[in-house]
Amino acid sequence: MPMPKPALALAAAVSLGASPALADTRIVTTLKPLTLIAQGIATPDMTVSTLVPPGSSPHNYSMKPSQRRALHDADVIFWVGPDMETFLARLLASGEFRDRTVALLPGDGTEAQDAHDDHGEDHDDHGGHDDHDDHGEHHEDHGEHGNDNHAGHHEHHHDHGGDDPHIWLDPALAGEIAETMEHALAEQDGVDREALTRNLAQFKTALKQTEAEIQAKLAPVKDISLYSYHNAFVRFAEHYGLNLEGTLTLNPELSPGARHIAQIQERLGKAHHPCLLTEPQFNPGAWEVITEALDVRFSTWDPLATEVAEGPDGYLAFQHQIADAVLKCLPEDAEH
């Protein structure tokens, strides 16, 4: 399905009228999906770069010296927070970076939140991410206990709580992220604030249109039993009302225990057209072996937008790409 180009192309054209005298604003985001959101509202005098290459783990990534210099040269740094990019927690809380770092999902007591608070009170409602101190505890016991209480995730749809820091996958939260970014960027010296405001409004309008298109597109898969490799898919599934019945592992870097595997096998055997959504960052081979005696379909989606072209429409294309991966779960389109 071709991607409509609503108002974002117009946003870029309108912004070209900004004064050439404006100084470049250098933006660094930690993850490519955050880059796509930033590019949706940025003006031509802004450059946006991504720190963690798609496909690398944001939990334990090791920076190159050139990336350290990019952070040093940045005017604004956007990251999810210490529950996601754990390798940056101490660095971004230091005096060198604290005042130009905006945490989009801060944890309890993170000093990087001070920078976000300094941008004003308009976005105080983004600070409600205080329930993540148990994130590690969930990862420790997943091997045996699995996700039997997975329905509990659905209670956290828009409250920013729970243990899921994959906020960029929910388009409603993406709109809020864009607002936070716009507010932080508007406080930079020499930026075209009026163009930023226009771009934000047009981004949010285009995002609403994209949501409606995806809701219609996903209607045929609403009764299919979906299983995701890990909990990155939860926010997207909840937003679009998909039937996500289970998550194979809360920590994809650890192997699930035998008890959890047996539980998943039993549930897959009873599910309605079960489909397992794997991710290119992790090898699905073990689960293909475990499910070979079951009628389970596989599809691959990418939470880090590796193949999505950058640009002002990139986040919209990213949402459509995820929806297209879900559509492959339909019997006539599925990979066996």
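**Questions on the disulfide, the sheets and single residues**

Student: How many disulfides does the count come to?
Tutor: This is a predicted model, in which local features need pLDDT of at least 70 and side-chain atom pairs count only at pLDDT 80 or more, while totals for chains, interfaces and linings use all residues. Residues are numbered from 1 along each chain as its sequence is written, and side-chain values use heavy atoms, with hydrogens and water left out. If a disulfide is taken as a pair of cysteine sulfur atoms within 2.5 Å, the count comes to 1 disulfide.

Student: How many residues apart in sequence are the parts that Cys-275 and Cys-329 tie together?
Tutor: The disulfide joins Cys-275 to Cys-329 with an S to S distance of 2.0 Å, and the angle of -65° about the S-S bond makes the link left-handed. Cys-275 lies in strand 7 (residues 275-278) and Cys-329 in the segment after helix 13 (314-327), so the pair ties together parts whose separation in sequence is 54 residues. Helices (H or I, at least four residues) and strands (E, at least two) are DSSP runs, numbered from the N terminus.

Student: Are Cys-275 and Cys-329 buried or exposed?
Tutor: Buried means under 20% relative accessible area, exposed means over 50%, and partly exposed lies in between, with a 1.4 Å probe and protein chains only. On that scale, both Cys-275 and Cys-329 are buried.

Student: In what order do the strands of the sheet that holds strand 7 stand?
Tutor: Two strands pair if DSSP finds at least two bridges between them, and strand 7 is joined to strand 8, which runs parallel to it, by 4 bridges. Within that pair, Cys-275 stands opposite Arg-297 in strand 8. The 4 strands form an open sheet with parallel pairing, and their order is 6-5-7-8.

Student: Which are the edge strands of the sheet ordered 6-5-7-8?
Tutor: The order 6-5-7-8 belongs to an open sheet of 4 strands. Each of its edge strands pairs on one side only, and they are strand 6 and strand 8.

Student: What is the hand of the crossover from strand 5 to strand 6?
Tutor: Strand 5 (residues 226-228) and strand 6 (residues 244-247) pair in the parallel sense over 3 bridges, with Tyr-227 opposite Gly-246 in strand 6. The chain passes from strand 5 through helix 10 (residues 234-239) to strand 6 in a β-α-β crossover. A crossover is right-handed if, with the strands pointing away from the viewer, the path from the first strand over the helix to the second runs clockwise, and this one is right-handed.

Student: Why does each edge strand of the sheet ordered 2-1-3-4 have one side without a neighbour, and which strands are they?
Tutor: The order 2-1-3-4 describes an open sheet of 4 strands with parallel pairing. Each edge strand has a single partner strand, so one side of each is left without a neighbour in the sheet, and these are strand 2 (46-50) and strand 4 (101-103).

Student: Which helix belongs to the β-α-β unit with strand 1 and strand 2?
Tutor: Strand 1 and strand 2 pair in the parallel sense over 5 bridges, and Thr-29 has Thr-50 in strand 2 as its bridge partner. The right-handed β-α-β unit of these two strands is completed by helix 2.

Student: Which residue in strand 4 stands opposite Phe-78?
Tutor: Strand 3 (residues 76-79) and strand 4 pair in the parallel sense over 3 bridges. In strand 4, the residue opposite Phe-78 is Val-102.

Student: What is the relative accessible area of Ala-305?
Tutor: Most residues other than glycine have a negative phi. Ala-305, in the loop between strand 8 (297-300) and helix 13, has a positive phi of about 55° although it is not a glycine. Ala-305 counts as buried because its relative accessible area is 0%.

Student: Which residue is 106 residues from Asp-324 in sequence and 8.5 Å from it in space?
Tutor: Asp-324 is found in helix 13, and it counts as partly exposed because its relative accessibility is 31%. The C-alpha to C-alpha distance of 8.5 Å, across 106 residues of sequence, leads from Asp-324 to Leu-218.

Student: What share of the residues of the protein chain counts as buried?
Tutor: The protein chain has 13 helices and 8 strands. Among its contacts (heavy atoms within 4.5 Å) between residues at least 6 apart in sequence, 69% join residues at least 24 apart. Of its 336 residues, the share that counts as buried is 54%.
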